[in-house]
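Biologist: I'm new to this one and would love some help. Could you show me how to read it, one feature at a time?

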Amino acid sequence: MPDMASNRLLRRRPRSLLILVFAAALTSLQCNGSANTNAPSPAKTAPENAVVGKYGYEVVNKWPHDPSAFTQGLVFLDGKLLESTGQEGNSSLRSVDLQTGKVLKKVDVPIPYFAEGIALLNNKIYQLTWQHRVGFIYDAQTLQKVGEFNYSGEGWGLTTDGRSLILSDGSNRIRFINPDSFQVTKTIAVLDGNRPVGELNELEYVNGEIYANVWHEDRIAAIDPETGRVKSWIDLSGLLQPGDVQDPEAVLNGIAFDQASNRLFVTGKLWPQLFEIKIKQ
Ligand SMILES: [Ca+2]
């Protein structure tokens, strides 16, 4: 998603307000002496949190990544990576050589669009835009644009389970969209225990789970696509070395899975490297 500090502040302000309102309400309840009867029972939340796995990683391989690519979507196809890059004026769809990071083919996304997540389904690439409520469809082999589609709200991350397009919009909600009608068929709310997990960004469907970057965090949530429950957290902190990136927006934001060889790739916005990692349980 976006990179502009002002947008971030705008987004956070209402949340801060909500927290204040919530805190005030809680204080009021406590003053009334009724907090104990209204507060969620700790016994109810503890077992749900207890089953959430906490995983680490090991680096299997690392390769160069274009440090000017503001990565918003990553997909593996036939030994190469498909990558969507964002920012108005710098947005693109690319085919990238895995081992050299060299851009083999590139289609520019014109101003004013800010490209976001991509998904590969039925030999087509679907690409979101951040706030324009329009997506682009390309032939996966030629990267030639073959169509457009529309959706409501913002577009952040996109993946597929082989049937639906699966879309994140920066909230804790994930929408399942029919790739023919573009109607929403299902929406899940992502929860870690009872806590909503917002700012879900780049997505990847991996062995029956939805992996989601959380914006500005070095971790991925592995989500149950039926219930929205976070089944585990994958902590990816420490992938980059100090000084590898300078920009505060150069955050983890790229997950691709090669199902045939069970390989998982991750990178980030403006990251100089792309990593193949193995999750350590
Ligand atoms: Ca992806």
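Modeller: Happily; we will go through a metal site, a sheet and a single residue, keeping in mind that this is a predicted model.

Biologist: Which protein atoms are the donors of the calcium ion?

Modeller: For a metal site, begin with the list of donors. Here they are Leu74 (O), Glu202 (OE) twice, Leu203 (O), Glu204 (OE) and Ile255 (O), at 2.4 to 2.9 Å from the calcium ion. Along the chain, their spacing reads L-x127-E-L-E-x50-I. Glu202 and Leu203 are both buried.

Biologist: Why is the site of the calcium ion called irregular?

Modeller: Look at the angles next. Six donors count as octahedral only if opposite ones are over 155 degrees apart and all others lie between 65 and 115. The angles here run from 46 to 172 degrees, so the site is irregular.

Biologist: And what is the strand order in the open sheet of four strands?

Modeller: Read a sheet from one side to the other. The order is β2-β3-β4-β5, with antiparallel pairing. At the edges are β2 (71–77) and β5 (103–108), each pairing on one side only. On average, neighbouring strands are turned by 15 degrees against each other, direction ignored. Strands β3 and β4 pair over six bridges, and Leu81 stands opposite Val96 in β4.

Biologist: Is Arg175 buried or exposed?

Modeller: Compare its accessibility with the cut-off: buried means under 20%. Arg175 has 10% relative accessibility, so it counts as buried. Arg175 lies in strand β12, and its side chain reaches the backbone oxygen of Ser152 at 2.8 Å. Its contacts beyond four places in sequence include Glu154, Leu165 and Asp169.

Terms used:
Residues numbered from 1 in each chain as written. Predicted model: local features only at pLDDT ≥ 70, side-chain atom pairs only at ≥ 80, totals over all residues. Heavy atoms only, no water. Donors = N, O, S within 2.8 Å, 3.2 Å for Na, K, Ca; no water. Tetrahedral: all angles 85-135°; square planar, octahedral: opposite > 155°, others 65-115°. Buried < 20%, exposed > 50% of the residue type's maximum accessible area, 1.4 Å probe, protein only. Pairing = 2+ DSSP bridges. Helix = DSSP H or I, 4+ residues; strand = E, 2+ residues; numbered from the N terminus. Axes fitted to C-alpha atoms, helices over the stretch in contact; angles between N-to-C directions. Contact = heavy atoms within 4.5 Å. Polar contact = N/O pair within 3.5 Å; in protein donor to acceptor, adjacent residues only side chain to side chain.
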